[in-house]
Amino acid sequence: MPQKPVVTRSLVSLPGGDPLYLEPFWMKHAASSAVLVAGWHRMSYRFSDGSVISQELEKHIRKVHAIAGNAVTDGRYIVVGAGSTHLLGAAVYALSTGNSSSPAKVVASTPYYPLYKQQVDYFRAVDFEFEGDASLLNNTSDTTSRIIEFVTSPNNPDCQLRKAVLNGPSVRTIHDHAYYWPHYSAIPAPADEDLMIFTISKLTGHAGTRFGWALVKDEAVYQRMLEYISMSELVTSKDTQLRALQLLKVVLEGDARQIFDFAFHRMRDRWEKLSKTLSTSKRFSLQVIAPQYCTFYQKVRGPSPAYAWLKCEREEDGDCAVVLRSANIIGREGTMFNTGSRYVRLSLLKRDDDFNFLLNMIKKLVSEEYRAENMGRLQSIIG
């Protein structure tokens, strides 16, 4: 009988944010999470009550936030869209619409998620333009220009909890809370901002389902976001909403802690292994995330970030992405996040074999660093 060929892996690509580490959880819940839709079902654009969002889905969204304790939903309207990407565009549109003769300045604090700039630049709208780093406007004397600040908390790429840096009557804020779940961060308190955006991709791992929601306090902003959704896709797919509802039902089964516990322990263990491997390295360093009290776990807990924000410390390693690529590790360059090329973002969200390969390659780099240091010491003694 012929033997199966042995596949030798030589490369790990970690630039994206696919949460495939959650696959084992859903394999265990294959039956309860399955969706079967008859051909005649959900054919209309709207639901029977005339709405564009399933009322049952809206109830489950509010309930999952109540369980996680990560957002206030009372007194909020809910807008659904094709993932957080779609809703970010809707939010910028809604907050920039006005009678001003000059476009709103869109900003974010460095390092920031590159999509913010890419999306604003792509649409080239007369009502808004990307201005860059929020800190550049912090000390400005201009109090008349309209400003829209993206606040990503936890931040992408460095996974730090953040707050807005700008304030004033002309400032509007979009709070991107895609990663503000017990999986990836301590939850010190429920988020309670005027416009908050979440996505099912980081909650359940179903990035390909393309479903997200915004919690909106102001009715006028809510209506303008609905207008954007209507013009860009008419309505959010009812099939997508059905799948999202079924996934949330599984999330809320039993004590509604299963997915949070599974995800947190998996992400925490990965972070601890990677941190330990790099703890003695002088060539590479990771972002520092302090332990913090978490209301979900009701105790101080350690980090479990979605990404490693890795820095090359040596002067000669000016392009960290090139250094890692030489070790068969592909990450997302720091320059994409408006910061230096000494940084690289590595995703910790992939399958176990991807993470294990990454860990082995990092161990190899650290071992090479030790060997080079020891060789240097030996040569100095001999010399």
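Is R124 buried or exposed? With a relative accessible area of 73%, R124 is exposed, because anything over 50% falls in that class. Keep in mind as you look around that this is a predicted model. R124 sits in the loop between helix 5 and strand 4, and its backbone has something to show too: phi is positive, at about 45°, although the residue is not a glycine. We'll come back to that kind of backbone feature further down.

Let's start with the sheet. Seven strands make it up, in the order 2-8-7-6-5-3-4; the sheet is open and the pairing is mixed. At the edges stand strand 2 (77–81) and strand 4 (128–133), each with a single partner strand, so one side of each has no neighbour in the sheet. Going from one strand to the next, the twist averages 25°.

Now zoom in on strand 7, residues 195–199. Strand 7 pairs with strand 6 in the parallel sense, over two bridges, and with strand 8 (residues 212–216) in the antiparallel sense, over five bridges. If you want particular residues to click on, H175 stands opposite M196 of strand 7. Towards strand 8, F198 has W213 as its bridge partner, while T199 is bridged to G212. How many of the residues of strand 7 are buried? Five of its five are, which leaves the strand mostly covered. The side chains split by direction: L195, I197 and T199 point one way, M196 and F198 point the other way, and all are buried.

Some of that strand is in contact with S84, which belongs to helix 4 (residues 83–96). Leaving aside neighbours within four places in sequence, S84 is in contact with I197, F198, T199 and G212. So here the T199 and G212 bridge pair turns up again, this time with both residues on the contact list of S84. S84 has a relative accessibility of 14% and therefore counts as buried, the limit being under 20%.

Over at strands 3 to 6 there is another helix to look at. Helix 5 (residues 115–123) lies across strand 3 (104–108), strand 4, strand 5 (147–152) and strand 6 (171–176). Against strand 4, helix 5 runs at about 150°. The loop between strand 3 and helix 5 is where you find P111, and the peptide bond from T110 to P111 is cis, with omega near -5°. There is a cis bond from S153 to P154 as well, again with omega near -5°; P154 lies in the loop between strand 5 and strand 6.

Why point these out? Most peptide bonds are trans, and most residues other than glycine have a negative phi, so departures from either pattern catch the eye. On the phi side, R124 has already been mentioned, with its value of about 45°. N338 also has a positive phi, near 65°. N338 is placed in the loop between strand 14 (332–333) and strand 15 (343–347). Its relative accessible area is 37%, so N338 counts as partly exposed.

What about empty space inside the protein? The structure holds one cavity of 30 Å³ or more, and about 40 Å³ of space lies in the largest cavity. The lining consists of S109, E149, F150, V151, T152, N155, R162 and K163. By character, that lining divides into two nonpolar, three polar and three charged residues.

Two more residues round out the tour. I187, in the loop between strand 6 and strand 7, has a relative accessibility of 0% and so counts as buried. Not counting residues up to four places away in sequence, I187 touches A68, G69, N70, Y180, W181, P182, Y293, C294, T295 and F296. The C-alpha atoms of I187 and G331, by contrast, are separated by 28 Å, with their positions 144 residues apart along the chain.

F296 also appears among the contacts of D261, which touches F296 and Y297 when residues up to four places away in sequence are not counted. D261 is found in helix 9 (residues 258–278) and is partly exposed, with a relative accessible area of 23%. D261 and Y297 are 36 residues apart along the chain, and their C-alpha atoms are separated by 9.5 Å.

Key:
Residues numbered from 1 in each chain as written. Predicted model: local features only at pLDDT ≥ 70, side-chain atom pairs only at ≥ 80, totals over all residues. Heavy atoms only, no water. Helix = DSSP H or I, 4+ residues; strand = E, 2+ residues; numbered from the N terminus. Buried < 20%, exposed > 50% of the residue type's maximum accessible area, 1.4 Å probe, protein only. Contact = heavy atoms within 4.5 Å. 1 Å grid on protein atoms, 1.4 Å probe; cavity = no way out; pocket = protein on both sides within 12 Å on 5 of 7 lines; lining within 4 Å. Points joined across faces, edges and corners; volume = space filled by probe spheres on them. Nonpolar A, V, L, I, M, F, W, Y, C, P; charged D, E, K, R; others polar. Pairing = 2+ DSSP bridges. Axes fitted to C-alpha atoms, helices over the stretch in contact; angles between N-to-C directions.
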